[in-house]
Each structure stands twice: as C-alpha cells, then as structure tokens.
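This report covers the overall dimensions of a protein, its sheets, its cysteines and a few individual residues. Please keep the sequence and the structure in view while reading.

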Amino acid sequence: MTTDIEKPHPTDYEVLLRAGFPYEKTLGMRRITWYPIDIEVGPNNEVYCLGRFDVGGSIRTVSWDDKDLGGIGGGWTWPAGITKDQEGLLYISDEGAHNITMLRTDGEEIGRWGEYGSELGQLNRPSHMVFDSDGNILVSDTQNHRIQKFSPTGEFISSFGTFGQEPGEFNMPWGISVTPDENIVVADWRNDRIQIFDSSGTALEVIGSSGSGPGQLSRPAGISVDADGDIYVVDRGNGRVLQFDRNGRHVEEFIGDSTLGEMGRIYILTNLKVLRLRDMADLEPTKRFKSPSSVRTQDGRLFVGDYGCHRVQVYKKEAYRLASEEVMDLPKVPNLFTV
C-alpha cells in the first residue's frame, strides 16, 4: 500500500529502463565478518562490516577483491549502525550505551557523544544514521520513536516524530536514508512500513503494509536510496530486500544468490572436511539471505548485509534514464507483456 500525503518532487528523468539487476559477488565469510548488523561502503568498494555479538562488537573491513583488511574499533555494548561523513570518518551507534562513536578508518577513535534519556538531544537505543547534504547527521532514536538531527560532533539541531501509527508517527524507527532531492526515508520497524519526509520533517508519503506479499513488509530494517531515487529496504522478517521506485511502486525483490567468495574458496580448499560436507549438501538454501539486516547503494551497486550468513552479497544494477520525449504518454490502462 502506498499512501500519498504530498508527492515528492521527481528526479530528472521520465522513465527508467530497467535492463536487469544481476547478482555480482559475495564478500566476507563466517570467522571473518561475524554477524554484520550494519555495513558501510568506502570509496574503493571496500566494506566496513559492523559485527554485533551477544555482548560487544567490532568492525571488520573487506576489500572489493574479498581480502580481509583487519579489524578496528570496539568497546561497545551493543553496536547497531555505521555510517560515514563526506571525509570518510566513521560513526557507530551503540544502542546499549545510547551514544555515537566517531572513528577513523585506521582505528583511531576521535570521540563519543550522546546520553541516555528522552529529552531533546538525548538518545534511547539509537540505531541507523545518515548524513544530509549539509553535513549534519540524522539518527533513528529508536526507543524514543523519533528522528533527531545533530551536528557531526553531537550538538542537537532538531527532532521530528512521536509514537503512533498515523503518518508522521513511528513505532521504533530503524533504517534511515536521504533521497537525491534531500527527502528523508525511514524504515518504521514495528509499523511495517516506510515513511518519507521532507528535509524539515514534514510527512510526505507512506509506503507498504504488513505482510509477505509483493511490496509488503515484516519488520523493515536497513534502508538505502540510490542515485535514481529507487528505495531499497531490508524486509527482515521475510528474509528479503524489496526495491521501490521513486514514486513508491514496488519493483522487485532480492532473496539472495550467493556464490563462494575468494575467502570462502580458500577456506574450503584448505579444510578437507568442510570440502566434503559441501559436496554432500543441498546448496540451494546456502545462496539465500538469512536474517538480512542492512543495505547500501553505491555507483549502481546494491550491497546487502547478510547477517545470519556472515557475509555481504552484491548486485549490479543496469538501468537507463529516458526523457519524456523518448517515451509514450502514460497509458490509461497500464499493462506489461514480455517483448
């Protein structure tokens, strides 16, 4: 279900010719990228995997050619989200300690900010974060059922949202992203929907409803918006990632198509028991997502944090922007046949 309150302004094309969105590769493996609750992607497609364990966690970095680049960070109670600013500084939310850590990619900790509470500027189990075009950080203040904006060093700027089920209200917001036209997109976890707001926090649109059918959601978690305005949300309860276009229309779903990455191949070839067991196994389930948690988009690629399988699956988008003069007018009765 898509509920329009006020349609966001479209991006600069009329139609997107969607040629395909094939699986490309897998990065990481169990014993290296343990339980990636959230991921961030660097300029060379290296992936920072924020692992969350029973208590604590750390970041493991994997290169684009699937090499282990080592671990950084730590000292967290229950890390939940990771993002980066325009200079590449990493920000990690700790929902157990109710604060945010600033960390360089070489592991140097710059500082921590945030305190527990429900007053403006205080946090109660912060989860995912994203930077806006002004360089300020938007934080899903999950148990306070709101979105808060801070400066990069933690000075409170503004807040929107309250507990509830109506448009503009939240029940444990989780994933958060920003569109190319600077709207804010939020995965409203317990309400099983996506909400879109303008940059000031005014509600614009509600996407989705509870369920497991096309375009329906069960506990949406991580969310990301690509340069075309397409929205990708981790439908965690249904074990998939859903794609919606810039107008909130469901496009397709991703369920996992993993092959062995470089790490996995090396490990199995040097462990004869594992090699034999894989030869005897039904491989179909091993391809699929298992409790996916996070998603990122960069340069036409979709990166999915496959939490339960300790890996990242990557897909490559092929799409072409067309102007209004290149396509026919909208038909009165739209239908699509295989051509």
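## Cysteines

The sulfur of C49 has its closest cysteine sulfur in C309, at 13 Å, which is too far for a bond. From the side of C309, the closest cysteine sulfur is likewise that of C49, at 13 Å, too far for a bond. The structure holds zero disulfides, a disulfide being a pair of cysteine sulfur atoms within 2.5 Å. C49 counts as buried, at 4% relative accessibility, while C309 counts as partly exposed, at 22%. Here buried means under 20% relative accessible area, exposed over 50%, and partly exposed in between, with a 1.4 Å probe and protein chains only.

The model is predicted: local features need pLDDT of at least 70, side-chain atom pairs count only at pLDDT 80 or more, and totals for chains, interfaces and linings use all residues. Residues are numbered from 1 along each chain as its sequence is written, and side-chain values use heavy atoms, with hydrogens and water left out.

## Overall dimensions

The protein contains three helices and 27 strands. Helices (H or I, at least four residues) and strands (E, at least two) are DSSP runs, numbered from the N terminus. A compact globule of 339 residues would have a radius of gyration near 20 Å, and the 20 Å of the protein agrees with this. The radius is taken over C-alpha atoms, and the globule rule is 2.2 Å times the number of residues to the power 0.38. Along the principal axes, the C-alpha atoms fill a box of roughly 60 × 55 × 35 Å.

Of the 339 residues, 51% count as buried. The accessible surface comes to about 15,700 Å², and carbon and sulfur atoms hold 51% of that surface; the areas come from the Shrake-Rupley method with a 1.4 Å probe, and for residues only the protein chains shown count as cover. Among contacts (heavy atoms within 4.5 Å) with a separation of 6 or more, 52% are between residues 24 or more positions apart.

## Two open sheets

One open sheet has four strands in the order β4-β5-β6-β7, with antiparallel pairing. Its edges are β4 (36-41) and β7 (68-72); each has a single partner strand, so one side of each is left without a neighbour in the sheet. The twist from one strand to the next averages 20°. Two strands pair if DSSP finds at least two bridges between them. Axes are lines fitted to C-alpha atoms, for helices over the stretch in contact, and angles run from 0 to 180 degrees between N-to-C directions.

Within this sheet, β4 and strand β5 (residues 47-52) run antiparallel and are joined by five bridges. V41 has V47 in β5 as its bridge partner. Strand β6 (residues 57-62) and β7 are also antiparallel, with three bridges, and R60 is bridged to G71 in β7. The hairpin of β6 and β7 has five residues between the strands.

A further open sheet of four strands follows the order β3-β26-β25-β24, again with antiparallel pairing. At its edges stand β3 (23-27) and β24 (294-298), each with a single partner strand, so one side of each lacks a neighbour in the sheet. Neighbouring strands here are turned by 20° against each other on average, direction ignored. Five bridges hold the antiparallel pair of β24 and β25, where V295 stands opposite V304 in β25.

## Positive phi values

Most residues other than glycine have a negative phi. The table lists residues with a positive value.

| Residue | Phi | Place |
|---|---|---|
| D192 | near 55° | loop between β17 (184-188) and β18 (193-197) |
| H310 | near 60° | loop between β25 (301-306) and β26 (311-316) |
| D66 | near 65° | hairpin of β6 and β7 |

D192 is buried, with a relative accessible area of 7%. H310 counts as buried too, at 6% relative accessibility. The loop of H310 connects β25 and β26, two strands that appear in the order β3-β26-β25-β24.

## An exposed residue

Is M328 buried or exposed? M328 counts as exposed, because its relative accessibility is 67%. Its place is in the segment after β27 (318-322). The C-alpha atoms of M328 and Y23 are separated by 31 Å, and the two residues lie 305 residues apart along the chain.
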